[in-house]
Amino acid sequence: MKKPEATQTTEADTTFDLDREGNAAELFAALLDTADTGLVALAPNRTICHWNQWMQSRSGLPADDVIGKHLDDVFPETKLGRVSLAIDDCLKFGMPAVISPSLNQGALPLRPLPQFAATFERMEQSIRVHPIKTKNNGTLCSLIIRDVTLAVQRDRLLRQQASELADLVTQSKRSEDRTRAILQNTIDAILVASDDGTIEPLNARAQELCDPTGDPELRNIIRFLLPDSEHTPLTPPPADRLLTDLGTGVIEVLACTLSGRTVPLEVAISHFSADQRYHYIITLRDISQRKRHEMEIQRTMQELERSNSELEQFAYAASHDLQEPLRMVSSYTQLLARRYQGQLDDTADEFIHYAVDGTQRMQRMIDDLLTLSRVGRHGKPFHPVPLDDLFDAIMTNFKRAGSAPEGNIIREGSLPTVMGDASQLLLLFQNLVSNGLKYSDPKTGQVRIFASETPNSYRVFVADNGIGIEPQYHETIFEIFKRLHGYGDYAGTGIGLAICKKITDRHGGTLDVTSAPGEGSTFCVELPKELSIVAASESM
């Protein structure tokens, strides 16, 4: 018997026959379950007949729990909206549809990935609705759900960035318009110059000064003032065109118009770097009004100097020419009082007493006026003055004069060292102490001196337990000839506190009082730790 020949196998014979083996359905089901999109198949009655693994993981619902159920029953609290309409059109008319997140945001309640959970409550989905024809000419509806949360997030970010960019462009344009408006409407002329010497006006005022109708030599003067002007040979401007020395840091020039009008200008130059080159910003300010004010101030100062000179001449006359006849009257009235006292009747003695007292008061008033006039004009330079030593001298003066009983002047703590005129400060505090003793009980009166310090000044207090001052007079007592009591009650010319106020003003300080009737008075002298420019110049 002949052996049967071995069957030869070919490549075609090894092809897997899906239909014959019946594995096609399992293979397609595996492919659908492993897809990276959600796949849902709906029967004509809208019941679910397929629910892949992606849908199970994102919805948390196993396939066995949803297959055979109506889609609305699976998500009873969800408003499907456009998705539901698209399913109806697909099952009835076989119409496909694509629903983006913008049309139906988060249509199905599917969980987003963990990285999006903080921003998105539910997954952002793109749903494709497509009809599927069956062998018996039926129509199924397939839903293909894609997770587009990342795309939505990117779209939001891009929209936000676009909005911010639009706002930035708008702000930049507004800023540019504002800058242009400021440049055009400023009263200063603004120009920009490059290191090669080219000058460009930036606003209308600059064009007015530098165009052909302006000063023909102003551009040359500006280039002469630039730091790099040595690169280009320039003709130095006339000396009378530079109003101030270049070494002072403040540059003033005189511009001339074709009409013959001269305009003083202040020139400010700053630089910046751009395009690997130096550029200069030149600002020209019309200082005509300031010059007029300076001339007015200079004329006023000259008038004040002339007035002060006349006041000095008056003070000299008051101290010599007026005092000479006053001394003669005083001497003869005192001689009458000594020689004829008791030889005439009482009325004559009273008249002679009034004449002597009046001449003495006039003498003291002239002396005080002379002292007041010399405070600002004949003061000495300022030096450190230890106030402890100053008050030692004051107490010695009172003891020698016998006008202050032992223990009436009390100094509490140490006093600071201040900058000032020692002789004027002595007069200031001596007047205040004398004032406190004068308006206090001679037996129980006390004057306390103490001090405090602030970051910028020293405060020295002179407090008494006298009769006090009513609040409405706290300002007027520092005016000249302002007396609150008659001469018969308390002696004085009414100039002492005015002298104190003027001395304090010269030292750049303040003088005020805190008082109430029957509660005494506290005078506060506040002197600065650093001298002001005015006080320093006056002390030189």
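**Exercise 1. Find out how confident the predictor is, and where you should be careful.**

Solution. Start with the whole chain: this is a predicted model, and its mean pLDDT is 77, with 79% of the residues reaching 70 or more. Next, go element by element. Helix α1 (residues 18–21) has the lowest mean pLDDT, 48, while strand β1 (residues 38–42) has the highest, 90. Now look at the start of the chain: over residues 1–18 the pLDDT is below 50, and this stretch has 5 contacts in the model beyond near neighbours in sequence. Where pLDDT is low, the predicted coordinates shouldn't be read in detail.

**Exercise 2. Work out the strand order of the 5-stranded open sheet, and decide which strands stand at its edges.**

Solution. Step one is to read across the sheet: the order is β12-β14-β15-β17-β16, and the pairing is mixed. Step two is to look for strands with a single partner. Those are β12 (409–411) and β16 (510–515), so each has one side left without a neighbour in the sheet. Step three is the twist, which averages 20 degrees from one strand to the next.

Now zoom in on one edge. β16 runs antiparallel to β17 (residues 521–528), and 6 bridges join the two. For a concrete pair, pick V513: its bridge partner in β17 is F523.

**Exercise 3. Which helices pack on this sheet, and which strands do they touch?**

Solution. Take helix α14 (residues 422–438) to begin with. It touches β12, β14 (447–453), β15 (457–464), β16 and β17, and its direction makes about 170 degrees with that of β17. Then turn to helix α15 (residues 496–506), which touches β16 and β17 and makes about 135 degrees with the direction of β16. Check which α15 residues are tucked away: L497, A498, I499, C500, I503, T504 and R506 are buried. Just past the helix, look at G508, which follows α15 and has a positive phi, near 70 degrees.

**Exercise 4. Describe the largest nonpolar core, and say which element gives the most to it.**

Solution. Begin with its size: the core has 33 residues, and the ones with the most contacts inside it are F429, L432, V433, I449 and F523. Next, ask who contributes. At least two residues come from each of α13 (387–401), α14, β14, β15, α15, β16 and β17. The top contributor is α14, with 6 residues. To see one core residue up close, follow V433: leaving out residues up to four places away in sequence, it touches F391, F398, I409, V447, I449 and V462. Don't stop there, though, as a second, separate core of 27 residues includes L91, I99, M123 and I145.

**Exercise 5. Is E252 buried or exposed, and which side chains make polar contacts with it?**

Solution. First, place it: E252 sits in strand β8 (residues 251–256). Second, compare its accessibility with the cut-off. Buried means under 20%, and E252 has 6% relative accessibility, so it counts as buried. Third, hunt for polar partners. The E252 side chain makes one such contact with the side chain of R290, at 3.0 Å, and another with the side chain of K291, at 2.9 Å. Beyond four places in sequence, its touching residues also include R241, L243, L265 and I287.

**Exercise 6. Now try D441: where is it, and is it buried or partly exposed?**

Solution. D441 lies in the loop between α14 and β14. Its relative accessibility is 41%, so it counts as partly exposed. Finally, the C-alpha atoms of D441 and I467 are separated by 8.6 Å, with the two residues 26 apart along the chain.

Definitions and conventions: Residues numbered from 1 in each chain as written. Predicted model: local features only at pLDDT ≥ 70, side-chain atom pairs only at ≥ 80, totals over all residues. Heavy atoms only, no water. Pairing = 2+ DSSP bridges. Helix = DSSP H or I, 4+ residues; strand = E, 2+ residues; numbered from the N terminus. Axes fitted to C-alpha atoms, helices over the stretch in contact; angles between N-to-C directions. Contact = heavy atoms within 4.5 Å. pLDDT = per-residue confidence, 0-100. Buried < 20%, exposed > 50% of the residue type's maximum accessible area, 1.4 Å probe, protein only. Polar contact = N/O pair within 3.5 Å; in protein donor to acceptor, adjacent residues only side chain to side chain. Core = buried A, V, L, I, M, F, W, Y, C linked by side-chain atoms within 4.5 Å.
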